[in-house]
Amino acid sequence: MADEPRYPHTVLAACCVPWDDAGGLMEPVFRDSVADLVAHGLRHLYVFGTAGEGHAVDERRFDQVVDVFADETGRHGVDPMIGLISLSLPAVIGRIERCLDRGIRAFQLSLPSWGALNDAELAVFFAQTCGRFPEADFLHYNLGRAGRLLTPDDYARLAAEHPNLVAVKHTRADYATVHRLFALVPTVRHFFTESTYSYASLAGPAGFLVSIASVHPRRAREYFDAGVARDVGTLMATCAQLLELSGELHRAVGPGPHMDGAFDKMFAKVRDPRFPLALLPPYQSASDDAYQAFLTALRERHPEWLEDP
C-alpha cells in the first residue's frame, strides 16, 4: 500500500473570485461558476491560488470566500481545496486552523516569497504545515514567484518525511524533470498545465491542471481523458488548439506583466458574461477591450471552444 498514489488521477481546476466595484464578493456569480465546473465533470476544485487571488485577500475576505466555497462544493458532493499564499508562516497556520474547524481537509501550499527559502527554512516550512497537521492533505504549488522551484530530489525527500504531501502543481517542467518526478516521487500526484500535460501524460500518470482550457470544461475533461488513454493523435491536436488559444489571449491582452488572475477571469467571463474582470488592488486586470478581442477571436477562429456555455 505504500506505493499507492496519494491523490486521485484527475483534473484540477481553479475557481476565480468575482468582486464588485467595492471589492465585495459577488456570491451568486461565484456560486454559479463553481456549479458550472462541477456540472461539466470537473470535481477537484480549489480557490485562492494565483488565479483566485490568494496573494491579495485579507483575512475577512479569506474567511468569507472559504465559507461560501465550502458550502457550494458541499452542495455538489465535492471536497474543497483552499490555497494558502502568505509571507507569514503564522498566518498560514492560522488559516489552516480556521479551515480545519470548518471541516476542510485539503490545502494548497505556496512557499513564502519575500526571499527564497534555503534548505533548513524549507524543512521548517513543511514541518509547520504538513508535519503540524497530519490530519490534512497538502498539495504544493511549485512556482517561480515563490523564489525557489523545488526539484524532483526535493520532493523525494519531502514526500518521504510527510505522507500527507499528496500532490504538486508544476508551472514549469522540462522533459527531463517530468521523467525524474515520476521516477523519484511516484506516489505523489503531479499536475501539469496544457502544453506540458500533452507530454507528461505519455510519460506517466499525470494530472491535468486546467488553465485556458477552462473556457470549455467538457473539452478540458476530454483532453485529460485522451492523456489517460494515451491517445497521441487527440492529445497533439488538442494541445495545438490550446497553444493557438494562448496566442490569441496574449495578442488580445498585449505586452506587460499581468497576474494570472487577469487571464483566468477572462476565461470565467467567457463562461458567464456577468463575471467581472477586476482584481483586488493594486493588481491590474485585463481591460474590457482585451476581453472583447479575445472573445471575438474565439468566435471567429476557434468556435469549437465556445460550445456548451
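Strand β5 (residues 137-142), helix α5 (residues 152-161) and strand β6 make a right-handed β-α-β unit, and this is a good place to begin in what is a predicted model. The two strands of the unit, β5 and β6, pair in the parallel sense over five bridges. If you would like to see one of these bridges, look for Phe138, whose bridge partner in β6 is Leu165.

From here we can keep following the chain. It crosses from β6 through helix α6 (residues 175-184) to β7, and this β-α-β crossover is right-handed. Strand β7 covers residues 189-192, and β6 pairs with β7 in the parallel sense over four bridges. One place to find the two strands side by side is at His170, which stands opposite Phe192 in β7.

Let us stay with β6 for a moment. The strand spans residues 165-170, with His170 among them. How many of the residues of β6 are buried? Six of its six residues are, so far as the 20% cut-off for relative accessible area goes. His170 counts as buried because its relative accessibility is 4%, which is under 20%. Its side chain has a polar partner: a polar contact of 3.0 Å joins the side chains of His170 and His190. Setting aside residues up to four places away in sequence, His170 touches Asn142, Tyr155, Leu181, His190, Phe191, Phe192 and Thr193.

Now turn to helix α4, which runs over residues 119-131 and holds Leu122. Is Leu122 buried or exposed? With a relative accessibility of 1%, Leu122 counts as buried. Apart from its neighbours within four places in sequence, Leu122 is in contact with Leu111, Leu117, Arg148, Leu150, Arg157 and Leu158. Pro112 is ten residues from Leu122 in sequence, and their C-alpha atoms are 9.6 Å apart in space.

Next comes the nonpolar interior. The largest nonpolar core has 89 residues, and the members that touch the most others are Phe30, Ile82, Phe107, Phe126 and Phe294. Which helix gives the most to this core? Helix α9 (residues 232-253) does, with seven residues. There is also a second, separate core of ten residues, which includes Leu139, Val166, Ala167 and Phe191.

Phe294, one of the residues just named for the largest core, is worth a visit. Leaving out neighbours within four places in sequence, Phe294 is in contact with Ile212, Val215, Leu245, Glu248, Leu249, Ala252, Met266, Phe267 and Val270.

That brings us to the aromatic rings. A pair of aromatic rings is described by the distance of the centres and the angle of the planes. The count of aromatic pairs in this model comes to twelve. One of them is formed by Phe125 and Phe126, an edge-to-face pair with 5.6 Å from centre to centre and 85 degrees between the planes. Phe125 counts as buried at 3% relative accessibility, and Phe126 is buried with a relative accessible area of 0%. In another pair, the ring centres of Phe267 and Phe294 are 6.2 Å apart and the planes are at 50 degrees, so this pair is tilted. It links distant parts of the chain, since Phe267 sits in helix α10 (residues 260-271) and Phe294 in helix α11 (residues 288-301), 27 residues apart. Both Phe267 and Phe294 are buried. To end the walk, look for Tyr197, Phe208, Tyr223 and Phe224, which form one aromatic cluster.

Methods. Residues numbered from 1 in each chain as written. Predicted model: local features only at pLDDT ≥ 70, side-chain atom pairs only at ≥ 80, totals over all residues. Heavy atoms only, no water. Buried < 20%, exposed > 50% of the residue type's maximum accessible area, 1.4 Å probe, protein only. Contact = heavy atoms within 4.5 Å. Core = buried A, V, L, I, M, F, W, Y, C linked by side-chain atoms within 4.5 Å. Polar contact = N/O pair within 3.5 Å; in protein donor to acceptor, adjacent residues only side chain to side chain. Pairing = 2+ DSSP bridges. Right-handed = clockwise from strand over helix to strand, strands pointing away. Phe/Tyr/Trp six-rings, centres within 6.5 Å; stacked < 30°, edge-to-face > 60°.
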